[in-house]
Amino acid sequence: MAKIPSKMAAKAPKKSGDVKKRKAKRVEHFGTYIYKVLKQVHPDTGISKRGMSIMNSFINDIFERIAGEAGKLARYNKKSTLSSREIQTAVRLILPGELSKHAVSEGTKSVTKFTSSN
């Protein structure tokens, strides 16, 4: 039985300059925003790399919880778009007491500012 050459053998050898580098997947993080808010609240205070990592994990966790709950609310109401109303209700359900009230007021303020600028 005759040996059939493999596909790899048929290709011309690559030059060292032809190597394609795979682009690393970007990892989103909230470090710059955490730092800006920290400086607004406590201008003379810094944050360690470990502290920043913990805060980043915390924000990602809260984001996932709120987005998941808002998604459920949209599905219950047979809607395919998340609006500020679903987000606000999700925040009220997830965050406790006074924290929820502050978050809702800050969110309302931000949405008002955004809509007035457009």
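**Close-up views of a five-helix predicted model**

**View 1. The largest nonpolar core brings together eight residues**. In this predicted model, the members are Ile62, Ile66, Ala70, Leu73, Ala90, Val91, Leu95 and Val104. Two elements, helix 3 (49–76) and helix 4 (84–94), each give two or more residues to this core. Helix 3 supplies the largest share, with four residues. Take a moment to find Val104, one of the core members. Setting aside neighbours within four places in sequence, Val104 has contacts with Gln88, Val91 and Arg92.

**View 2. Ser100 sits in helix 5**. That helix covers residues 97–117. Is Ser100 buried or exposed? Ser100 counts as buried because its relative accessibility is 7%, and the cut-off for buried is under 20%. If you look past residues up to four places away in sequence, you will find Ser100 touching Val91, Arg92 and Leu95. Val91 and Leu95 may look familiar, since both are listed in the core of the first view. Val91 and Arg92 also appear among the contacts of Val104.

**View 3. Glu69 is a buried residue without a salt bridge**. Glu69 belongs to helix 3. Which side chain of opposite charge is nearest to Glu69? That is Lys72, 4.2 Å away; a salt bridge would call for a distance within 4 Å. Not counting neighbours within four places in sequence, Glu69 is in contact with Ala90, Leu93 and Ile94. Of these contacts, Ala90 is listed as a member of the nonpolar core.

**View 4. Four residues make a nonpolar patch on the surface**. The patch consists of Tyr35, Ile47, Met55 and Phe58. Together they have about 360 Å² of accessible area. Met55 is located in helix 3. Its relative accessibility is 33%, which means that Met55 counts as partly exposed.

**View 5. The whole protein, for orientation, has five helices and zero strands**. Starting at the N terminus, the order of elements is α-α-α-α-α. How many residues does the protein have, and what percentage of them is buried? There are 118 residues, and buried ones make up 15%. The accessible surface comes to about 11,000 Å², and carbon and sulfur atoms account for 59% of that surface. Among contacts between residues at least 6 apart in sequence, 26% link residues at least 24 apart.

Notes. Residues are numbered from 1 along each chain as its sequence is written. This is a predicted model: local features need pLDDT of at least 70, side-chain atom pairs count only at pLDDT 80 or more; totals for chains, interfaces and linings use all residues. Side-chain values use heavy atoms; hydrogens and water are left out. Buried means under 20% relative accessible area, exposed over 50%, partly exposed in between (1.4 Å probe, protein chains only). Contact means heavy atoms within 4.5 Å. A nonpolar core is a set of buried Ala, Val, Leu, Ile, Met, Phe, Trp, Tyr and Cys residues joined through side-chain atoms within 4.5 Å. Lys and Arg count as positive and Asp and Glu as negative; His and the chain ends are not counted. Patches are made of residues with over 30% relative accessible area and no salt bridge: like charges are joined within 9 Å, nonpolar side chains (Val, Leu, Ile, Met, Phe, Trp, Tyr) within 5 Å. Accessible areas come from the Shrake-Rupley method with a 1.4 Å probe; for residues, only the protein chains shown count as cover.
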